[in-house]
Amino acid sequence: MGLAVELRIMAAVLLCFTVVAAQNLKTFTATLGPFNRSHSNSCLMLENPATISNGAIQLTPNSAYKRGLVGMPLENQAGRAMLHRPFKLWEWEQGYNKKTDRVASFNSSFLFSVCPLGGNTTPGEGLAFILAHVDYWREPIPSKSFGQYLGLTNVNTDGSARNSLVAIEFDNIKQAFDPNANHVGLNINSIKSIVTASLSPLGIELAPDGEARFYNVWVQYDGDSKVIEVYIAQQAGLDGETPSRPDTPVLKSNLDLGEVFEYSEYSHFGFSASTGNNVQLNCIFRWNLTVESYELHEHPPKTPKLPSWLKTLLVFGVGVPLLVIGVAVMGYYYPCKKRLMVQFKSNILLGALKRLPGTPREFHFKDLKRATNNFDEKNKLGQGGFGVVYRGHLHDENLEVAVKWFSRETIKGEDDFLAELTIINRLRHKNLVRLLGWCYKNGKLLLVYDYMPHGSLDAHLFTKTPDSRPLSWNQRYNIISGVASALNYLHNEYDQRVVHRDLKASNIMLDSDFNARLGDFGLARALDEEKTSYSEVEGVVGTLGYIAPECFLTGKATQQSDVYAFGVVLLEIVCGLRRGTRIDMFHFLVDWVWSLHREGRILDAVEERLGDEYVVEEAQKVLVLALACSHPIARERPRTQAIVHIISGLVPVPYVPPFKPSVERASMPSPEGDDISSLASTTEAKSFPTTHLGSGFTTQMHQSRALFRGQF
């Protein structure tokens with residue numbers, strides 16, 4: 001009898017691994033403001049031109065932009081600020097049931113001000129408090145969403161249920177669908193409000209005659225009754241006493257958030273604003289938020305089930321010798337345990353992926369398999385050091401995507417990959433390739449990106465056939481401007497300073513309008529607050545020809561090494577030649593262009609296929625800028641913000657000496673056994689060990705120049 005009892009206990013232990021955790025509502029509370037840079041780094045995602053200045057979130061530009069400090073006009077702008085943290089507003093089991101499912105509640109209050117700029121007495125356009133579906137939050141601000149669209153939608157997306165967007169707008173420009181030019185409205189997936197209320201009867205004017213007024217707003221949502229209420233009261237100055245909430249809401253409406261966010265229970269809170277032909281400064285000074293949301297959790301892995309015959313033996317204690325039963329149990333249990341540990345490890349990675357800031361979308365492997373026609377070779381877009389990229393079509397969404405399947409051996413570790421994916425997931429810029437989501441199944445790791453119809457830049461620059469049309473000068477200059485803007489965002493405008501480390505023509509994609517989208521962040525790394533460089537244990541990474549010379553000496557990547565790669569790309573765009581092209585007596589493109597600069601005929605470097613169809617002043621500016629960025633000495637290269645100003649015409653191009661300067665230190669060694677010219681044409685990103693630097697130095701300048709030219 002004792003044996004049977006022991007076996008029953010053993011069976012109970014083996015069969016009861018699965019734990020079902022109770023799902024409870026949790027309360028989140030935040031009090032934000034006055035705002036400073038730490039908020040941007042820790043809890044807010046600001047999308048250009050939104051910034052933090054003078055203790056406030058400035059959603060749209062102020063007069064500093066007009067003075068050329070940033071290089072952006074005041075008119076026709078849209079900015080956004082969103083809280084990083086997602087909130088689970090309802091439980092998703094079999095989808096949302098409006099009759100039985102409860103929705104979480106929230107209360108928010110904030111102090112805001114709008115003030116006309118530029119001497120205008122007419123303000124424009126408006127500001128909105130928003131609650132957005134997680135996929136909407138992860139996307140850049142819609143293009144051309146300035147003016148009446150308040151940075152929320154545009155002419156193509158307005159009204160689409162896919163927006164999954166709720167906004168409380170404070171609008172001071174009357175459109176055809178607005179009651180007046182001074183109202184509050186409730187918007188769902190559109191800038192056309194479903195409920196509006198004029199503010200004039202309350203004695204409230206949002207932006208009167210250039211005067212800055214401050215208003216407290218309370219937005220309260222009851223998840224039980226599914227009703228939203230908006231209150232507003234004027235505050236006597238920025239530092240004035242906070243008024244009490246009025247007894248009567250200015251706007252009240254039924255609102256079922258479960259229906260709006262039907263396809264995902266995760267959402268983000270934030271603000272959006274825009275300017276049009278008339279401009280105003282839209283500022284948030286204080287923000288309090290209390291959200292009663294469902295707990296973010298991960299399900300534990302389930303233990304593989306024991307076969308029925310073994311259950312019978314264990315539960316009923318059949319008289320089988322203990323040794324036989326023990327061998328049978330342990331022989332089955334240990335393989336199960338091994339599989340369980342593998343599954344548990346996978347679940348740890350899955351849990352970490354699902355907890356990433358912004359909660360990127362998870363795709364099902366079967367959907368990506370179907371989208372790519374079982375990863376058909378015909379859909380293969382390219383292959384690099386990190387994996388293969390396929391074109392796919394998501395039939396249910398009628399969406400073209402690019403699916404990147406990572407090679408398992410190229411992922412150095414889960415921590416490294418998660419750090420990399422965290423960077424990609426949080427980037428928001430119109431000139432960056434947008435990450436749509438991820439997929440992880442049985443060790444297979446895939447990333448899903450926007451599909452770029454015109455492929456990569458290098459295909460347009462270097463594929464020259466009788467039928468191919470060269471990029472026009474306007475297209476090239478627009479591409480240059482876009483890449484510069486993206487790089488400046490990574491270096492100066494993102495929450496953390498990011499070094500790309502693999503900027504090259506093949507990593508610049510072109511969308512349907514030939515706008516540049518910088519992609520492939522497989523080597524990108526965020527710099528710690530106190531650091532200016534990033535180094536790998538195994539050495540220098542990147543693509544030869546784009547790697548700055550100092551990287552081989554220090555083993556570190558910096559913002560200035562990114563600038564060097566940008567300079568190489570500029571030369572390739574203008575000249576239409578690869579960086580390692582041999583021309584005249586020069587082995588490398590940069591040396592040839594520098595010689596033309598010295599002889600006063602730098603425009604001879606412009607690609608012949610353009611003929612005279614280019615702007616002389618712009619071509620000369622870009623070529624000289626390219627040489628400045630390709631300067632062998634890192635500190636002499638311009639910063640990315642200065643580069644943006646130069647391209648915008650706000651500041652002149654820096655001085656570039658007629659002769660290419662020599663490096664300050666002794667030469668770098670060439671990797672043993674490699675021909676220098678073949679190294680310069682290598683296209684795959686590699687790691688180059690810095691341990692070679694120990695014995696190969698020489699102080700003779702002619703050797704230094706020869707070796708360094710081998711990498712330019």
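A salt bridge here is a side-chain nitrogen of Lys or Arg within 4 Å of a carboxyl oxygen of Asp or Glu. By this rule the count comes to 16 salt bridges. The model on screen is predicted, and the tour below starts with some of these charged pairs.

**Stop 1: Arg80 and Glu47**

Select Arg80 and Glu47 and show their side chains. The two form a salt bridge, with the closest N and O atoms 3.0 Å apart. Colour strand E5 (residues 78-83) and strand E2 (residues 44-47) as well: Arg80 belongs to E5 and Glu47 to E2, so the pair ties together parts that are 33 residues apart in sequence. Are these two residues buried or exposed? Both Arg80 and Glu47 are buried.

**Stop 2: Asp256, Lys226 and the strands beside them**

Next select Asp256 and Lys226. Their closest N and O atoms are 3.8 Å apart, and the pair forms a salt bridge. Asp256 sits in the loop between strand E14 (251-254) and helix H5 (257-260), while Lys226 sits in the loop between strand E12 (213-222) and strand E13 (227-235), so the contact ties together parts that are 30 residues apart in sequence. Asp256 and Lys226 are both buried.

Keep Lys226 selected and add E12 and E13. These strands form a hairpin with 4 residues between them, and Lys226 in the turn has a positive phi of about 60°. E12 and E13 run antiparallel and are joined by 9 bridges. To check the register, pick Gln220, which stands opposite Glu229 in E13.

Now add E14. E13 and E14 also pair in the antiparallel sense, over 4 bridges. Glu229 stands opposite Lys252 in E14. With E13 on display, colour by accessibility: 8 of its 9 residues are buried, and the strand is mostly covered.

**Stop 3: Strand E16 and its partners**

Select strand E16 (residues 280-294). Of its 15 residues, 11 are buried, so E16 is largely enclosed by the rest of the structure. Which strands pair with E16? Add the following, one at a time:

- Strand E1 (residues 25-32) pairs with E16 in the antiparallel sense over 8 bridges; here Thr27 stands opposite Glu292.
- Strand E4 (residues 56-58) pairs with E16 in the antiparallel sense over 2 bridges; Ile57 stands opposite Ile284.
- Strand E7 (residues 105-116) runs antiparallel to E16, and 12 bridges join them; Ser109 stands opposite Asn288.

**Stop 4: Cysteines**

Select Cys283 and Cys115. Why is there no bond between them? The closest cysteine sulfur to that of Cys283 is in Cys115, but the distance is 8.8 Å, which is too far for a bond, because a disulfide needs sulfur atoms within 2.5 Å. Across the structure, the count of disulfides is 0. Cys283 has 4% relative accessibility and counts as buried. Then pick Cys551: at 5% relative accessibility, Cys551 counts as buried too.

**Stop 5: A cavity and the Arg434 pair**

Turn on a cavity display. The structure holds 4 cavities of 30 Å³ or more. Go to the second largest, with a volume of about 100 Å³. Of the 11 residues that line this cavity, the closest to its centre are Ile424, Leu427, Val433, Arg434 and Leu435. By class, the lining has 6 nonpolar, 2 polar and 3 charged residues.

From the lining, pick Arg434 and add Asp450. Their side chains meet in a salt bridge (2.9 Å, N to O). Arg434 is in the loop between helix H9 (414-426) and strand E21 (435-441), and Asp450 is in strand E22 (residues 444-450); the pair links distant parts of the chain, 16 residues apart. Both Arg434 and Asp450 are buried.

**Stop 6: A charged network**

Select Lys464, Arg476, Glu607 and Arg609 together. How are these four residues linked? Lys464, Arg476, Glu607 and Arg609 are linked in a network of salt bridges.

**Stop 7: Helix H14**

Finish with helix H14 (residues 589-598). The helix is mostly covered, with 8 of its 10 residues buried. Those buried are Leu589, Val590, Asp591, Trp592, Val593, Trp594, Ser595 and Leu596. Step on to Gly600, just after H14, which takes a positive phi of about 75°.

Definitions and conventions. Residues numbered from 1 in each chain as written. Predicted model: local features only at pLDDT ≥ 70, side-chain atom pairs only at ≥ 80, totals over all residues. Heavy atoms only, no water. 1 Å grid on protein atoms, 1.4 Å probe; cavity = no way out; pocket = protein on both sides within 12 Å on 5 of 7 lines; lining within 4 Å. Points joined across faces, edges and corners; volume = space filled by probe spheres on them. Nonpolar A, V, L, I, M, F, W, Y, C, P; charged D, E, K, R; others polar. Buried < 20%, exposed > 50% of the residue type's maximum accessible area, 1.4 Å probe, protein only. Pairing = 2+ DSSP bridges.
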